[in-house]
Amino acid sequence: MSEQEYDNTNRGAMFVNSYKEDGDNRPDFTGQLDVEGVEYKIAGWKRTSEKKGTRFISLSIDKKEEKEEAPF
């Protein structure tokens with residue numbers, strides 16, 4: 001199956017954010033998610049639960065906006 005034939009519906013991926021620096025608020029991970037044909041940007045931050053000390057990733061999801069064409 002070629003890349004053009006691959007159906008990415010209801011799939012996504014996150015990657016380590018190479019722009020993240022110690023102490024800043026930028027996400028530790030960023031990526032994209034497709035839900036029923038609608039694309040979203042996703043971000044994740046490493047966190048630790050205060051109650052049990054369990055490590056987890058907190059997520060933020062925003063609908064990907066289509067870029068507007070510049071007027072002539």
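Before I come to the hairpins, let me fix one term: a strand here is a DSSP run of E of at least two residues, numbered from the N terminus, and two such strands count as paired if DSSP finds at least two bridges between them. With that in hand, the hairpin of E2 and E3 has two residues between its strands, and in that hairpin Glu36 takes a positive phi near 50°. I should say at once that what we are looking at is a predicted model.

Let me step back to the whole chain. The protein has zero helices and four strands, so that, taken from the N terminus on, its elements simply read β-β-β-β. These four strands form an open sheet in the order E1-E2-E3-E4, with antiparallel pairing. E1 and E4 stand at the edges, and because each has a single partner strand, one side of each is left without a neighbour in the sheet. From one strand to the next, the twist averages 25°.

Now to the pairings themselves, beginning again with E2 and E3. Strand E2 covers residues 29-35 and strand E3 covers residues 38-48, and the two pair in the antiparallel sense over seven bridges; within this pairing, Thr30 stands opposite Ala43 in E3. On to the next pair: E3 and strand E4, the latter spanning residues 55-63, are also antiparallel, and they pair over nine bridges. Two positions may help you to find the register on the screen, since Lys41 stands opposite Asp62 in E4, while Tyr40 stands opposite Lys63 in E4. The hairpin that joins E3 and E4 has six residues between the strands, and there Gly53 takes a positive phi near 75°.

I would like to spend a moment on one loop residue. Asn17 is found in the loop between strand E1, residues 12-16, and E2. Is Asn17 buried or exposed? Its relative accessibility is 11%, and because the cut-off for a buried residue is under 20%, Asn17 counts as buried. If we leave aside its neighbours within four places in sequence, Asn17 is in contact with Arg26, Pro27, Asp28, Phe29 and Thr30, and Thr30 is the residue that we have just placed opposite Ala43 in E3.

Finally, some totals for the protein. Of its 72 residues, 14% are buried. The accessible surface comes to about 6,900 Å², and carbon and sulfur atoms account for 47% of that surface. Among contacts with a separation of 6 or more, 20% are between residues 24 or more positions apart.

Technical notes
Residues numbered from 1 in each chain as written. Predicted model: local features only at pLDDT ≥ 70, side-chain atom pairs only at ≥ 80, totals over all residues. Heavy atoms only, no water. Buried < 20%, exposed > 50% of the residue type's maximum accessible area, 1.4 Å probe, protein only. Contact = heavy atoms within 4.5 Å. Areas by Shrake-Rupley, 256 points an atom, 1.4 Å probe, with all protein chains shown as cover. Axes fitted to C-alpha atoms, helices over the stretch in contact; angles between N-to-C directions.
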